Amino acid sequence: MDYTDTETFTTVLDRTETREKGNCFEDFGEGDHIEHAPGLTLSNYANELWASQTLNHDPIYWRTDAAREVGFDEPPVHPDYLLAAVMGPTVEDLSEKGGYFLGRTNVRFHDQTVTPGTELRVSSTVQSTATSSSRPEYGIVTWETEGVDAETGEPLVSYERTNMIPRREPVATDGGGSATESGDTPEDGEPPAEFVTPDGDRFGDFAAALDEAEDRDAAVAYRHERGRTMDDVMVATLPLMTLNTAKQHHNGDVMADSPSGDIVAYGDVTRSVALGHARSDEATYRELGCDDERFHTFVTPGDTVYGFTRVVDAEATHDHAGTVTFEHIAFNQHDEPVYSGTRRALIQQ
């Protein structure tokens, strides 16, 4: 029998089972600990490709003299690439089956002196599982994930993320909504009458703008001029370089029949573009962490991602830098939000 005959091969495919990848909701139990088999050695090439393509051009991550001025011996791995390289290897075990990414929080950078050549080990622990009251074919799982230096065992970055995960068998529900699925209720009220833009990129400029807006119907917020159009490198190459096996980013055949109608960008690529736009208007010293990250709609090839920032707080915490809390919103060419999150960073004095 000629298995390569088209008619014969179609019959063969119809009679064979697919060896599936990934886990369903029923495979996760609270407290389960998962050591992810894949692990990356962080390379300078991948680091520079990620940072350059997402417009993260801070000289600290490119030039030795700039890195030494802020206390590094050499240019470190960019934190956005580090975070994506930790999340990528988790996909095969946690979310390859698909399902909505409901959010991520408690992103913390424990060691920012990570350099190219560092080998990662990644593990996750199931924090909770819950029934989806509106989508009986899914369940909701929250994991805590940590990436460590394989040689020293020292933690590098950690976070919590929540996904909807397909069930093997749907469950009966009341059809009601779920606070976990819908997120926080938006605040009522009108936007401020006035928006104040900082005069510069230093901590003092952000603090002065907040002082100016205080006791007025005003907020400190501004748009970033740059935009980045998603191309094949952004949508497929970058996630695959982090070992992210989710079909959403590289299987056009499967995604043609999905709600997006096309492959979609890895959330950490969209996030990194948004933060790259923001950092271009800051004198960033160190990244501290992010909370309440949400991805609001699909980003597909050809979409352009822009950035908007609101300054929430500024606290003088160091002689050489102060802690600034930002709210970042990425939006597309239709002015639709695609990502939002709260970020804390040390900004140079």
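Two strands are taken to pair if DSSP finds at least two bridges between them. With that in hand, the predicted model can be read strand by strand, and a good place to begin is residue A330, whose bridge partner in β11 is Y339. This pair belongs to the antiparallel pairing of β10 (residues 321-331) with β11 (residues 337-348), which extends over 11 bridges.

The wider setting is an open sheet of 11 strands with mixed pairing, in the order β1-β3-β4-β5-β2-β8-β11-β10-β9-β7-β6. The edges are held by β1 (33-36) and β6 (194-196); each has a single partner strand, so one side of each is left without a neighbour in the sheet. From one strand to the next, the twist averages 25°.

Within this sheet, β4 invites a look from both sides. Its pairing with β3 is antiparallel and comprises 11 bridges, with T129 standing opposite V141 of β4. The two strands form a hairpin, and six residues lie between them. On the other side, β4 and β5 also run antiparallel, joined by 11 bridges, and here W143 stands opposite R161 of β5. This second pair forms a hairpin with five residues between the strands, and G153 in the turn has a positive phi of about 80°. As for accessibility, β4 is mostly covered, with 10 of its 12 residues buried.

Helix α4 (residues 79-87) also meets this part of the sheet. The helix lies across β2 (101-109), β3 (120-131), β4 (138-149), β5 (155-166) and β8 (284-295), and runs at about 50° to β5.

Attention now turns to helix α8 (residues 232-241), whose buried residues are M234, V235, A236, L238 and P239. These buried residues pack against α2 (44-53), β7 (218-229) and α10 (267-279). At the start of α8, a side-chain oxygen of D231 reaches to within 3.2 Å of the backbone nitrogen of V233. Following the helix is L243, which has a positive phi near 65°.

The partnership of α8 with α2 can be described in more detail. Their axes come within 11 Å and cross at roughly 150°. Angles over 145 degrees count as roughly antiparallel, and α2 is therefore roughly antiparallel to α8. The crossing of these two helices is left-handed. On the α2 side, the contact is made by Y45, A46, L49, W50 and Q53, while α8 contributes V233, M234, T237, L238 and M241. As a general point, an α-helix has 3.6 residues a turn, so residues three or four places apart point the same way.

Definitions and conventions:
Residues are numbered from 1 along each chain as its sequence is written. This is a predicted model: local features need pLDDT of at least 70, side-chain atom pairs count only at pLDDT 80 or more; totals for chains, interfaces and linings use all residues. Side-chain values use heavy atoms; hydrogens and water are left out. Helices (H or I, at least four residues) and strands (E, at least two) are DSSP runs, numbered from the N terminus. Axes are lines fitted to C-alpha atoms, for helices over the stretch in contact, and angles run from 0 to 180 degrees between N-to-C directions. Contact means heavy atoms within 4.5 Å. Buried means under 20% relative accessible area, exposed over 50%, partly exposed in between (1.4 Å probe, protein chains only). A polar contact is a pair of N or O atoms within 3.5 Å; within protein, one must be able to donate a hydrogen and the other to accept it, and residues adjacent in sequence count only if both atoms are side-chain atoms. Angles under 35 degrees count as roughly parallel, over 145 as roughly antiparallel, 65 to 115 as roughly perpendicular and the rest as oblique. A crossing is left-handed if the near helix is turned anticlockwise from the far one by less than a right angle, and right-handed if clockwise.
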